[in-house]
Amino acid sequence: MMTTILGIGFTAPWLLLGLAALPVLWLLLRAVPPAPIRRMFPGVTLLLGLKDDETVTDRTPWWLLLMRILAVAAVIVGLAGPVLNPRSQAPGSGPVLVLLDASWAGATAWTRVTDLLDQQLAEAGRAGRPVAMVRLTQPEDPVFQTSTAWRSRLAGLQPQPWQPGPAQVTTVMAALDDLPAGTEIRWISDGIDYPGRADLTAAARDAGDLRIIQTMHETLAIWPAKFEDGVIRLGVVRALPGPERVVGVMAQGRDPSGTERLLAGGEAVFAEGETRAQVDLSLPAELRARITRFELQGQNSAGAVSLGDDGLRRREVALIAGRTGQEGLELLSPVHYLEQALEPTADILTGALLDILPANPDAIVLADVATLSPAEESALEEWVDHGGLLVRFAGPRLAASDVSRDAEDPLMPVRLRVGGRSVGGAMSWGSPKTLAPFKADSPFAGLEIPDDVRVTAQVMAQPDPTLADRVIASLSDGTPLVTRKALGDGQVVLFHVTANAEWSTLPLSGLFVEMLERLAVSTAGGMPAAEDLQGTVWAPQRVLDAFGTLEDAGTLPGVDGPALAADPLGPDLRPGLYQSGDRRLARNVMADGGTLTAATWPADVPVEGMGLVRERPLGGWLLGLALLLLAADVVATLALSGRLTSARARAPRAAAALALAVLMAGLAPGDARAQDPSADQTARDVMAADELVLAHVLTGNAEVDDIAQAGLRGLSDTLYFRTSVEPSQPMGVDLETDDLAFFPLLYWPITPDQPQPSAKAYAKLNDYLRSGGMIVFDTRDANIANFGSSSPNGRKLQQLAAPLDIPPLEPVPEDHVLTRTFYLLQDYPGRYNGRGIWVEAAPPDAEIAEGMPFRNLNDGVTPVIFGGNDWAAAWATDADGRPLLPVGRGFAGERQRELAHRFGVNLVMYVLTGNYKSDQVHVPALLDRLGQ
Amino acid sequence: MTAANGLRHRAEAEAGRLPPLLARADHLAGTVLLGDHGRRRAGMGDDFWQYRPVQPGDSRRSIDHRRSARGDQQFVREREWQIAQSVMLWVDRGASMRFASDDSLPSKADRARLLGLATAVLLVRGGERVGLTGTSLPPRRGRNQILRLAEMFSEDAEGDYAPPEHRAMIPHARALFISDFLGPMEEVEVALTKAADRGVRGVLLQVMDPSEEEFPFRGRTIFESVGGTVHHETLKAGELRQRYLDRLAARRDWLQRLSRATGWQMGLHLTNHSAQSALLWLWTALNRGA
């Protein structure tokens, strides 16, 4: 079917004979010179009579010929249908059964498995063989269909996060018995052993022609995380001992913003020949509590994921005792047994209740605390309401107090009867009581009650309608021992006995610890044993798929506690996170101490690797190459015959522009990297915030910006010498990038060509104006247009100011505060002495104050001042303090400059002190008062 | 009907071509401020020349009262005498001018007309009389003359290379010849010597396309004149470049010598350069000889 030449197969080899025609083509092409161009040229009169130096016909150059020959050769070879790596296997016949392990162990290499399947199916399709596929992890009866039907379903074929179990193996073995004769069985194995695999191999060998195809991928798995000796201990196992290998272990979790990210990482090192490695991660408790999963780097399977559960969290439990200050009576301390019980698994907080609450502990234990102050009570109630767990123990104080006597205290689950009771003592009837077995709906259900637990005294609950629901443990005579009620998101639990051994022997027994555990006061490290989980039902929250991704559990049914702990994984028990009440348990693919065993096969079964070599047709590439060559030929021919002249004239320019653009593109990020802009910005902000800084808006016109800078420098100097305002160096402000909040005053010179700020910048400017900033607009044209549109600066000002939030304006009235904040002024000259300075209009109802030459004006400072006197030019000084620009002529000019400076001083004073000077309207009233 | 339509259509097209050329010429002329070319003596004119005491015979109306009121003597304000010149234009309308080597460049004819008309606008504004050489449009003054000039410029001649028109030249007038001067040289020589005989001085402006100046051609090429009457084939155009440039330089040199001998000035303008610089040169060259 396919002829192979030099390792390349050809579908139409006879076409290659066309290559023989190439030399003829060479000779033909060589003889034909390029055609002439007819070109219009008035200067032809000057050419008349000029003879060519060479009279020989111009020949096509050899390289152009070679290019054309190559193009033709590429077309011929491309049409001959070359195929790299042609498959020349003899196809078999008869149906094909594909067995897939499809367990988590193959998930990492699953794309290769599907590629292989695709190829196998394509092959079977070419031979017209029916195909059936069976996944061992989720077996179904083999259905023989055309390979096309299977190929369309290939994308939906996914591995499962468990290994084939005995049930599945049995199902498949039964199916193998019914196979038609002559079936070829191809078993795509993940290379990991599991119980029943050997039997299945034997059965498959009997049923048909068996071929094993094995993933050549290294399978690694991780054990559940254990918290021991202050570190998280993780075991990593591999199937085959090999050379030394380092595996990265990543701890993933949520950062404070709730985003999943890498929290910590470590490296597990397999020694040479070892199949186990270990890594210890030492993390602070806060970080540890955030970890949701551990992953092996480079692995993509459920086995390489270890989910974190409560075992990683050490709960913070606050212990608060009613009696304090008694030293030496350790064993009588109300919290001694609690401390002993909780110490191994929880962090214990002690201190005053109000100091502890802000730390938001997981649980608070009040041992014989009767009354709380109202502040403590409300704080505690709020904390419980937000999900806290409050565990109270009874005691003499509680029994003696009136807490929850007549009405139920919010922080007590039940009402209490006066006094409590005492049984089995010297002065009472009866014997000490034992505990009744826990009811099924109690959180303690399934816990074994030791025989030696006796209760001699307790507080008694008032029989209320709600009492029965709240009892979660009771004595053999039915009196409640532990009661519980929900309060908001949290709950309140009351042990009707003391937390020490005074009233019962409960704190002395192991049951006490287990009860605390069930109440999620403490958590046991690691996976609990099956018997510990007796009587609990665990609902799957999130389950792992074979690739190690957590998915929502959906409607999966709950799992019995013991089954969760001990049963092998399968369709009914998926790896994932399970929840029961307040406790969360993770069931991982690998159990602690589990190993991986490589699958071994009988010697007479052929085993292949998954070395997949794809057939690669080369025809398209060769034809594409031919097209490229022909395109190059077009360009070269045009160039040779002079038809590219005009393009060539432009080419260097275009090339230079291109090179420049590339260079710029390359340089620009480099520059940005060179100077860290954010650090720069921060330093600038600090400088601006540190001292009073006058600022001007950068217009992009270097001359204007320099003048503005020099002007503000001159004004700053004047302020420094004459007033108590001592500004530091003024700054230019880029409205787009800089923060405006630091500047009390923005001087904005108008140039006709400055860019319009962006919408963002305007939002910033409006914020600035609303929050008390002031912008001084200076059209610098002596206001010849009276802010109309008849001057370019005026037009620009209108454009710039339109989006700003500007109040109604009026020309500065004679009694404006600006006229007397420091100097008494009536003119506001700059380099020009124009009138027409506009400020925010006074309220219409302003009245002339009695006995004062000015009105009782509005509070606050005008947010904008419009003028055109080019103040900055009048203020401008060089570094030595000499004026930069002339103002007016002679003494009158100097006087004008002085007035300009005075206006500047008044302006800054006005910005800084607001309408302080306007307060003089109140002087008569003040004097009047002083006189009294 | 169709003939009339066709004529109308062509007339419209022609008329449509006029205003843009005029507008552009006006625009271009607006960039040049009129220089002073007074006669340096009292006479008819607009500009102040001097005050002189009143002499018998002066009309009372001519007394300048503003000046006279300063003293007891009465003065008359005299104006500078300004005269009008006749300037004759010749703009090559041959087919060889209708050539542009690139779409982004104007054709030589376009540029030559623009410069000619702009110069005419300037001259008319300066009070000179402008016309064409030959008998078709004798020099006159006024805005209408500009319109007539524009009309004449819009016509194309038949031949490939048009000879300079040298008939009916007014003695001692000024002249401006704009052409590529690629046609037969004898005609130019005849025109210039005849002009020199009559005391006519003027300016030659050679308008060239950049490709004519550089000869950027390669490969096998057949060169044709615009009218198609002359052609030349070469196998390697690149080899001809140097010899072409030599010939071009020789021709320009000959033109220079000829213009020097006849008292004319010669300038070169490439169509990829700005028209304004050429106009400035033309204007100063015309003024220089005045």
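**Exercise 1. How many residues of chain B are in contact with chain A, and how many of chain A with chain B?**

Before we start: this is a predicted model, where local features need pLDDT of at least 70, side-chain atom pairs count only at pLDDT 80 or more, and totals for chains, interfaces and linings use all residues. Residues are numbered from 1 along each chain as its sequence is written, with chains lettered from A and ligands numbered from 1 in the order in which they are written.

*Solution.*
- Take contact as C-beta atoms, placed from the backbone, within 7 Å. On that basis, 31 residues of chain B touch 25 residues of chain A.
- Next, look at what chain B brings along: strand 7 (221-224), strand 8 (231-234) and helix 7 (237-262) each supply at least two residues of its side. Helices (H or I, at least four residues) and strands (E, at least two) are DSSP runs, numbered from the N terminus.
- Helix 7 of chain B gives the largest share, seven residues.

**Exercise 2. Find the sheet that has strands from both chains, and give its strand order.**

*Solution.*
- Start with strand 3 (residues 37-40) of chain A, which runs parallel to strand 7 of chain B over four bridges. Two strands pair if DSSP finds at least two bridges between them.
- Now check the partners: A:Ile37 bridges to B:Thr221, and A:Arg38 to B:Ile222.
- Put the strands together and you get an open sheet of three, ordered 3(A)-7(B)-8(B), with mixed pairing.
- Strand 3 of chain A and strand 8 of chain B are the edges, each pairing on one side only.

**Exercise 3. Which residues of helix 6 of chain A are buried, and which are exposed on the other side?**

*Solution.*
- Size up the helix: helix 6 (residues 166-177) of chain A has 12 residues and reaches 17 Å from its first C-alpha to its last, close to the 16 Å expected at 1.5 Å a residue. The expected span is 1.5 Å times one less than the number of residues.
- Sort its residues by counting other C-beta atoms within 10 Å of each residue's own, all placed from the backbone: 20 or more is buried, 12 or fewer exposed, in between partly exposed.
- The buried ones are A:Gln168, A:Val172 and A:Leu176. They sit on the same side of helix 6 of chain A because they cover an arc of only 80° around the axis, taken from the directions from the helix axis to the C-beta atoms.
- On the other side, A:Ala174 and A:Asp177 are exposed.
- Finally, the cover over the buried residues includes strand 6 (131-135) and helix 7 (197-207) of chain A.

Key: Two residues are in contact if their C-beta atoms, placed from the backbone, lie within 7 Å.
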